[in-house]
Amino acid sequence: MTLPLRAKHALGQHFLRDESLLERMLDETPLKAGDSVFEIGPGLGDMTRVMARRAGRVLALEIDKDLVPVLRTQFALDKHVNVVEGDIMTADLPQLLTPLGAFHVIANLPYYLTTPILTLLLQLPLPIKSICVTVQTEAARRVLAQPSSKEYGPLSLLAQYRTQPRAAMSLPRRLFTPPPHVDSTFLVMPALQQPPVQVQDEAAFWRLVQASFAMRRKTLVNNLMSGYAFDRAQAQAWVQAASLPLTVRAEALTLEQFAALDAARPNR
Ligand code: SAM
């Protein structure tokens, strides 16, 4: 399929242009008539157009200065579609998104930013109803991974703390224009009403998770020693206070066990 503009590789531009595919993807989401949507990277606006027919409001944030005027012209008559130029990683998201009320995030994410964007969205203190995103399949596996698998890590824990993720559709590379080097998965992640575990301080909890996985091949005790400047005896006492074996690695711990480790943190 030819494009009206040259796709920018550096911005992760791989477009999904087939309207019937985009309709089927939206059918997989919890989007209901009248709901608000935040779209990251509308690109040529194909998904934006399909969403605009279903949603009450669409706010689309695009970094590419060349695409923004094309999008604004395309949606000039759709007063419920707002195209904003900006970078998802630096935009003032609370200011931009608060007027939407509760909203869904729907996006075909740029590959080079998949993990930073998901990490940002999953920690955003805003009323997100769901995060429905196309990501490379390897990233989807990390989101969905269970303990003791090689894909399991901070992203799995964060996603499963906030949402109930599922792989809704497989999207082979040939469906994209231009085709990327990897296949993709459409992830549908409805937000949980309540996290599955209670933690006292979420920011401190995520720092603990990151520190625990800092060196994957090392034991939890070793990672806690370097992450918290503890000597071995202190780190071992902490792990034992959480009823965990001294030889355990972070990749074996469930969300509940991380919460227990957090609760047993010395000098709280
Ligand atoms: N939604 C379109 C589609 O599915 O055809 C385009 C998806 S393309 C994979 C990713 C889009 O994100 C591109 O339009 C790209 O310009 C935009 N993008 C890349 N980096 C961005 C950033 N930091 N902030 C906002 N948009 C970005």
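1. Before you hunt for the loops, here is how the elements are named: helices (H or I, at least four residues) and strands (E, at least two) are DSSP runs, numbered from the N terminus. Keep in mind too that this is a predicted model.

2. With that naming, take P178, which is found in the loop between β8 (176-177) and β9 (184-190). Have a look at the bond leading into P178: the peptide bond from T177 to P178 is cis, and its omega is near -15°.

3. Another loop to visit is the one between α6 (137-144) and α7, where S148 has its place. S148 isn't a glycine, yet its phi is positive, at about 70°.

4. Now for the ligand. Where does it sit? You'll find the ligand in the largest cavity. Two elements, β1 (15-16) and β3 (57-62), give two or more residues to the shell around the ligand.

5. Which residues come nearest to the ligand? Of the 22 residues around it, those are G41, E62, D87, N108 and Y112. Sorted by type, the shell has 11 nonpolar residues, seven polar and four charged.

6. The backbone joins in as well. A polar backbone atom of L16 is 2.9 Å from an oxygen atom of the ligand. A nitrogen atom of the ligand is 3.0 Å from a polar backbone atom of I88, and a ligand nitrogen is 3.4 Å from a polar backbone atom of P42. As for cover, the ligand on its own has 590 Å² of accessible area, and the protein covers 99% of that.

7. Next, the aromatic rings. Counting rings as paired if their centres lie within 6.5 Å, there are nine aromatic pairs. One of them is Y161 with W206: the ring centres are 5.4 Å apart and the planes stand at 85°, so this pair is edge-to-face, because planes over 60 degrees apart count that way.

8. What does this pair tie together? Y161 lies in helix α7 (residues 154-162) and W206 in helix α8 (residues 202-212), so the pair links parts that are 45 residues apart in sequence.

Terms used:
Residues numbered from 1 in each chain as written. Predicted model: local features only at pLDDT ≥ 70, side-chain atom pairs only at ≥ 80, totals over all residues. Heavy atoms only, no water. Near = heavy atom within 4 Å. Polar contact = N/O pair within 3.5 Å; in protein donor to acceptor, adjacent residues only side chain to side chain. Areas by Shrake-Rupley, 256 points an atom, 1.4 Å probe, with all protein chains shown as cover. 1 Å grid on protein atoms, 1.4 Å probe; cavity = no way out; pocket = protein on both sides within 12 Å on 5 of 7 lines; lining within 4 Å. Sits in = over half its atoms within 2 Å of the grid points. Nonpolar A, V, L, I, M, F, W, Y, C, P; charged D, E, K, R; others polar. Phe/Tyr/Trp six-rings, centres within 6.5 Å; stacked < 30°, edge-to-face > 60°.
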